[in-house]
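Good morning, everyone. Please open the sequence and the structure on your screens, and keep both in view while I talk.

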Amino acid sequence: MSYFVNVHKDTKKVRFDILKEIKEIKSILNSDKPCIVVSNDEHTVVNWAPEILGSAKTQGIPHIVRRILLDACEKGENVGAGSAELILTWAVELAEELIRSDVTNSNSEVDTKNVQNEAEAFLENAQLGTKLVSENELQNILGLLSNNPKIASMVFQSLKLAGLEGRIFVDSITSDDDTVELTNGYIFEYAPYSEVLDFNERWDNRLVKIAVIDGFVEKVSEINNILEASNSDVAPVILFSRGFAADVLSTLAINRARGTLNVVPVHIPFDEHSANALKDISITAGANIVSSLTGDLISSIKFDEMAVSSQVVIEKGKIMIQNEKSSVNVALLIRELQEKRSKTNHEAMQYLIDSRLRSLSSLAVRIKCSHELEHSIKTIDLLLRTTRAILASGVINLNRWDPPGIFKKPTQEIIKIAKASESTPILAALVTIKHGTQAALELLSIDAALLLDRTI
């Protein structure tokens, strides 16, 4: 990133140019075309919509104006879901009013400190109008926000199932039907070897012994200790490994068919999608990873010292592990992944981390959209984030706001675009005042003495 400083002699001209750019953005907003877009992930990214990218410049006043506005939208959206459009409208309306007053009156100079003080006082007063919502009110809000009864119903059901603590995921891959599925346990999408356990067969056992092996099981003798110990009472065992030799699989399959062993081998391939799967499985199961890289021998695994999960269910390519004892360590891993997720803009990396987070969520709701709703995935994601914010912090009726004079026009404009003005999320409203006002003042600070052009 490089910075260039341009000195301008005519302050009024700079302000007129800023005003021109603001009017262009307003014209796009008034045309009902999207001016900003929000990505469909938990860590929101705001950017200009494709419709106006053609007119965006890489430097000069147009670039500075748009960058300031987008920075405000990003900051607000990360706190108050659904606030980006409100912030953009608020900022351009307030900036236009302040700059127009400045350029048309040579004896007038905007008191920015006074604007900031009024904004802070308005923020405090706005919070007094916060109201928590009932279940019926939430259903009404969802109907107003979505304009699609099916989407509103799916979101409402997922919120009821997940509550405030549970995680909700929207699958990016469509299915034949619209479904809302509750999962209670750590779910990994890996199928056992079909020679031992048929894909359509359900394997449901309690007090399951688990071994996690970062390597290839080449001989039966390497796991003989496990087989002999589990044979006495046909104890349920799962072996996660990078691979198994044919004679090992054959031995496990024959003995399971006879009813003398209940040992299921699961192949975890080493690729970009499953590189960290053994680590995640080991943490959820409370098991140590046996790896030749650290000098471990598979044959040294002791049956009595193997990790035990309270219940494991295998069905149709999915393995669900229930283990209450691992909740603290799983929570730490989730926090670590979320931090990594927030620091990367690489879509492929974000997708991989999201996949891991889905597996590590002990209570999670998964929304799967049919082909009919495949274009509504982003809408559902935004609706989920907005309603979670509503449940956590409440709503406010914008029509009952009594803003100071300088904020009356911006308030009127955001009321127009709020789809449910009687139930706007309070977080979205508050960040609109804070970041929208700050953006307007930053636009006003671009003057003839110092103009900062930023190019990326």
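I will talk about a small sheet, then a helix, and then the cysteines.

Before that, a word on the source: this is a predicted model, in which local features need pLDDT of at least 70 and side-chain atom pairs count only at pLDDT 80 or more, while totals for chains, interfaces and linings use all residues. Residues are numbered from 1 along each chain as its sequence is written, and side-chain values use heavy atoms, with hydrogens and water left out.

Let us begin with the sheet, where 3 strands (DSSP runs of E, at least two residues, numbered from the N terminus) form an open sheet in the order E4-E13-E5, with mixed pairing; two strands pair if DSSP finds at least two bridges between them. Strand E4 (167-170) and strand E5 (179-184) are the edge strands, each pairing on one side only. From one strand to the next, the twist averages 20°, an angle between N-to-C directions of axes fitted to C-alpha atoms, on a scale from 0 to 180 degrees.

E5 pairs with strand E13 (residues 363-368) in the antiparallel sense over 6 bridges, and Thr-183 stands opposite Ala-364 in E13.

Across E4, E5 and E13 lies helix H7 (residues 149-162), which runs at about 170° to E13; a helix here is a DSSP run of H or I, at least four residues.

Now, how many disulfides does the structure hold? It holds 0, a disulfide being a pair of cysteine sulfur atoms within 2.5 Å. For Cys-35, the nearest cysteine sulfur, that of Cys-73, is 8.5 Å away.

Finally, Cys-35 counts as buried because its relative accessibility is 3%, where buried means under 20% relative accessible area with a 1.4 Å probe, protein chains only. Cys-369 is buried as well, with a relative accessible area of 1%.

Notes: Buried < 20%, exposed > 50% of the residue type's maximum accessible area, 1.4 Å probe, protein only. Contact = heavy atoms within 4.5 Å.
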